[in-house]
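Biologist: I've got a model open and I'd like to learn how to read it feature by feature. Could you walk me through it?

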Amino acid sequence: MASNDTKSSRRAASIESFKVMDLLKRARELEAAGCDVVHLEVGEPDFATAEPVAEAAIQAVRAGLTQYTPAAGIPELRERIAAFYDQRYGVQISPAQVLVTPGASGALLLAFASLVDAGQRIMMSDPGYPCNRQFLHFLNASAQLVPTGPAEKFQLTDALIARHWQPETRGVLLASPSNPTGTLVPVDEMQAIAQRVRQLGGQLIVDELYHGLTYGVDAMTALQVDPECFVVNSFSKYFGMTGWRLGWLVAPEGAIKVMERMAQNLFISPPTVSQYAALAAFTPQSLEIFEARRAAFEGRRDFLVQGLRDLGFAIPAMPEGAFYVYADASHLTDDSFAFCWSLLEENHIAVTPGADFGQFNASRYVRFSYTTGLEQIEKALQRLAQRIRG
C-alpha cells in the first residue's frame, strides 16, 4: 500500500509553530466541548468591521470590482495612504513609495526578501513578534536576536545596535509600539538608531502596525527621522480589518519597484475587495469610530494592568500602545509555557507564553491581550485569583 506520508523539505520541517495559534486551536476545541474560555491570547480586536468599511466592500462587490488589481495595489488606495501620512504625521510621501500587500506579513516578507541574501541577518529585539524569525529562516537568512529587558523598555537602543552589529548584519527591525510589550521607541532614540544604521551601511525597517493605538502619547513615524527607512503598517489593528488581510509598506521608490516584481510573482495582487473597503477606512466617519475604540482599549489596559498587579504580577514596562500586557509571572512559575497551558486546561483562560516571542527570560513572562471586553477581562482576573489564592 502506498504511504500517504510526504517528506517535508528541511526548510519546511524547521519552521517553528506559532504557539499562540496552537493555544487558540486548543481553546476552540475546549469551547466545542462546552467550556467557557476567556480569550486573552490572540492579537485580534474583538470589534466588528466598521460599518463604513463593510458598506464599501458591499458596494465594490455589487459594482463587480472583484478582479485582479495591480500588484502594488489600486492607485486610489496608494494615494489615500500617502495622504494619510501627511494628515497624521505631516510627512509628504509619493504614492509611488507605497506598496499595498496581503497583510503586513506580506509586507515584511517582501521587505526581508529584498534586503537579505542567504547567511545574512536582520537584528531585532528579543522579545519580539515570532513570525519575523520564521520569515528570515524561510529565506535562508536569520534573525539576530538581541536580549532586551525593562531597562530598555524591551526595545533596541543605539548603544545595543553599535555593540551587536556584525559583518553579516544587513539591517535592523524595530517595532514601535511593540508586540508583545506595547512599548514605543522614544523620538530621540529613533533618530540615533536611524543615524547609526545608516553609518553602518544597513537598512532600518520599522514595524508600525499598532500606530493609532497609543495611550497618552502619540507615536511618531520613523519616516520623520529617516525618509529612506522601510515602514510596515496594516489595516488589521487600528483599522480593525484582521480577516481582510491587507497591509502596506512605505519605502524609497526604487525599493518599491523591486518588491513589486516579487509581489507580482508571489501574490499576483492584494485582495481586491479588501482594497476598495479600505478606502473607506480613512473617512472622518470611520476615523471617529476607530478613535472611540482606541479609548475603549485604553480603559481595558488600565483595568487589566491594575488587576494583574493586585495579583502579584510585575508589569516592568507600562504598555503605551498596542493591546498587550507583558507580565512577569515568576512569582507563580519558572516555566511560563507550562503555566499558560495549565491555565487553559484547568482554568479556561487563554494567554500567551513568553516563549512565543524569543528566548531571553521567556520562561518568566506571559502576554495578556486586552482585545476582549471588560466583563471578560474581569472574569479572567477572578479565575486567576481563584487559582493563585485558592
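Modeller: We'll go through a helix, the core, the cysteines, some backbone oddities and the salt bridges. Keep in mind that this is a predicted model.

Biologist: Let's start with helix α8. How many Å should its residues span, and what do the end atoms say?

Modeller: Count 1.5 Å a residue: the 13 residues of α8, 187-199, should span 18 Å, and because the end C-alpha atoms sit 19 Å apart, the two values agree.

Biologist: Which residues of α8 are buried?

Modeller: Met 190, Ile 193, Ala 194 and Val 197. Look down the axis of α8 and those buried residues fall within an arc of 100°, so they line one face of the helix. The general idea is that an α-helix has 3.6 residues a turn, so residues three or four places apart point the same way.

Biologist: What covers that buried side, and what sits on the face turned away from it?

Modeller: The cover includes helix α7 (158-164) and the strands β5 (169-175) and β6 (203-207). On the face turned away, you'll find the exposed residues Asp 188 and Gln 199. Just after α8 there's also Gly 201, with a positive phi of about 80°.

Biologist: Now the interior. Which residues touch the most other members of the largest nonpolar core?

Modeller: That core has 111 residues, and the ones touching the most other members are Leu 77, Phe 235, Phe 239, Met 259, Leu 308 and Phe 368. Helix α5 (residues 103-115) gives the largest share, eight residues.

Biologist: Take Phe 235 as an example. What does Phe 235 touch?

Modeller: Leaving out residues up to four places away in sequence, its contacts include Leu 77, Ile 81, Met 241, Trp 248 and Phe 282. There's a second, separate core too, of six residues, with Leu 23, Ala 27, Val 37 and Leu 344 among them.

Biologist: What about cysteines: how many disulfides are there?

Modeller: Zero. The way to read this is to check sulfur-to-sulfur distances, since a disulfide needs the pair within 2.5 Å. For Cys 340, the closest cysteine sulfur is in Cys 131, 17 Å away, so that's too far for a bond. Cys 340 is buried, at 0% relative accessible area. Cys 229 counts as buried as well, with a relative accessibility of 0%.

Biologist: Next, the backbone. Where are the cis peptide bonds you'd point me to?

Modeller: Look at omega. The bond from Asp 126 to Pro 127 is cis, with omega near 25°, and Pro 127 lies in the loop between β3 (121-126) and α6 (131-138). The bond from Ser 176 to Pro 177 is cis too, with omega near 0°; Pro 177 belongs to the loop between β5 and α8.

Biologist: And which residues other than glycine have a positive phi?

Modeller: Among them are Ala 322, with phi near 65°, and His 348, at about 60°. Ala 322 is in the loop between α11 (284-310) and β9 (324-328), and at 0% relative accessible area it's buried. His 348 is in the loop between α12 (336-347) and β10 (349-350).

Biologist: Last topic: how many salt bridges does a search of the whole structure find?

Modeller: It finds 16. For each one, ask what parts of the chain the pair links. Glu 320 pairs with Lys 153, with the closest N and O atoms 3.0 Å apart. These partners are 167 residues apart, Glu 320 in the loop between α11 and β9 and Lys 153 in the loop between β4 (142-147) and α7.

Biologist: Which salt bridge involves helix α8?

Modeller: One of them is Arg 196 with Asp 158, 2.7 Å between the closest N and O atoms. The pair links α8 to α7 across 38 residues of sequence. Arg 196 is partly exposed at 27%, whereas Asp 158 counts as buried at 17%.

Biologist: What does a bridge within one helix look like?

Modeller: Try Glu 298 and Arg 301, whose side chains meet at 3.9 Å, N to O. They're three residues apart in helix α11, so about one helical turn separates them. Glu 298 is partly exposed at 28%, while Arg 301 is buried at 8%. Bridges can also share partners: Arg 26, Glu 29 and Glu 345 are joined into one network that way.

How values were computed
Residues numbered from 1 in each chain as written. Predicted model: local features only at pLDDT ≥ 70, side-chain atom pairs only at ≥ 80, totals over all residues. Heavy atoms only, no water. Helix = DSSP H or I, 4+ residues; strand = E, 2+ residues; numbered from the N terminus. Expected span 1.5 Å × (residues − 1). Buried < 20%, exposed > 50% of the residue type's maximum accessible area, 1.4 Å probe, protein only. Arc of directions from axis to C-beta. Contact = heavy atoms within 4.5 Å. Core = buried A, V, L, I, M, F, W, Y, C linked by side-chain atoms within 4.5 Å. Salt bridge = Lys/Arg side-chain N within 4 Å of Asp/Glu carboxyl O.
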